[in-house]
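Here are some short exercises to work through with the model open in your viewer. Try each task before you read its solution.

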Amino acid sequence: MTWDKYIAAFEYDLRNDKFGSPHTIEAYLRDTKLLGDYMRVANPKITPLDVERKHLESFIDYMVNNLQFKPRSINRTIWGIRAFFQNLYLQEKISSNPAEGIDSLRPPKTLPRVLLHEEVDRLFESIDLST
């Protein structure tokens, strides 16, 4: 079977098992289609039944470096891909889930924005002391 047929079967299962909200289902399908599109170009002979962890790691690198996805978007995509392969595993189409154990990306830590001295002064000046 081709990627499209496995994704269509996944969609059927998601919709008939009332897996989640329509938004979750659409996101998972978008994620698996993105993986399928990538695999057709990067590894055209690999079917969903042949995917290994190294293929998924390469796909994540592609999302980071080529598509410039943010960590939050990549993590959501990983969840969709995990669900796709978990579905294949539960149907006994594959012997193990290649997405199992793939770590989520950590978003970069950012420092909180602080007020400038002028902003603090304006803030204090705006206080009505007459009440």
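**Exercise 1. Decide whether Arg53 is buried, partly exposed or exposed, then describe its salt bridge partner.**

Step 1. In this predicted model, Arg53 has a relative accessibility of 37%. Buried means under 20% and exposed means over 50%, so Arg53 counts as partly exposed.

Step 2. Now look for the partner. The side chain of Arg53 meets that of Glu57 in a salt bridge, with 2.8 Å from N to O.

Step 3. Check the partner in the same way. Glu57 has a relative accessibility of 36%, and it too counts as partly exposed.

Step 4. Place the pair in the fold. Both residues belong to helix α3 (residues 53-65), where they are four residues apart, so about one helical turn separates them.

**Exercise 2. Find where Glu11 and Arg15 lie, and work out how they pair.**

Step 1. Both residues are in helix α1 (residues 3-16), at a spacing of four residues, or about one turn of the helix.

Step 2. Their side chains form a salt bridge, with an N to O distance of 3.0 Å. As a reminder, side chains of opposite charge can pair when their charged atoms come close.

Step 3. Classify each end. Glu11 has a relative accessible area of 26%, which means partly exposed. Arg15 is at 35% and is therefore partly exposed as well.

**Exercise 3. Compare the exposure classes of Glu119 and Arg113.**

Step 1. Start with the link: a salt bridge joins the two side chains, at 3.2 Å from N to O.

Step 2. Glu119 has 22% relative accessibility, so this residue counts as partly exposed. Arg113 has a relative accessible area of 64% and is therefore exposed.

Step 3. Now turn to a network. Asp4, Asp37 and Arg40 are joined into one network by salt bridges that share partners.

Step 4. How many salt bridges does a search of the whole structure find? The search finds eight.

**Exercise 4. Work out the setting of Asn75.**

Step 1. Asn75 sits in helix α4 (residues 71-90).

Step 2. Is Asn75 buried or exposed? Its relative accessible area is 9%, so Asn75 is buried.

Step 3. List its contacts, leaving out residues up to four places away in sequence: Asn75 touches Ser104 and Leu105.

**Exercise 5. Step back and describe the chain as a whole.**

Step 1. Count the secondary structure elements. The chain has five helices and zero strands, which gives the pattern α-α-α-α-α along the sequence.

Step 2. Consider its overall dimensions. The C-alpha trace spans about 75 × 35 × 25 Å along the principal axes. The radius of gyration is 22 Å, while a compact globule of 131 residues would be near 14 Å.

Step 3. Look at burial and contacts. Of the 131 residues, 30% are buried. Among contacts with a separation of 6 or more, 61% are between residues 24 or more positions apart.

Step 4. Finish with surface and charge. The accessible surface is about 9,400 Å², and 54% of that belongs to carbon and sulfur atoms. The chain carries 18 positive and 19 negative charges, whose mean positions are 5 Å apart.

Notes
Residues numbered from 1 in each chain as written. Predicted model: local features only at pLDDT ≥ 70, side-chain atom pairs only at ≥ 80, totals over all residues. Heavy atoms only, no water. Salt bridge = Lys/Arg side-chain N within 4 Å of Asp/Glu carboxyl O. Helix = DSSP H or I, 4+ residues; strand = E, 2+ residues; numbered from the N terminus. Buried < 20%, exposed > 50% of the residue type's maximum accessible area, 1.4 Å probe, protein only. Rg over C-alpha atoms; globule rule 2.2 N^0.38 Å. Contact = heavy atoms within 4.5 Å. Areas by Shrake-Rupley, 256 points an atom, 1.4 Å probe, with all protein chains shown as cover. Lys, Arg positive; Asp, Glu negative; His and termini not counted. Charge placed at Lys NZ, Arg CZ, Asp CG, Glu CD.
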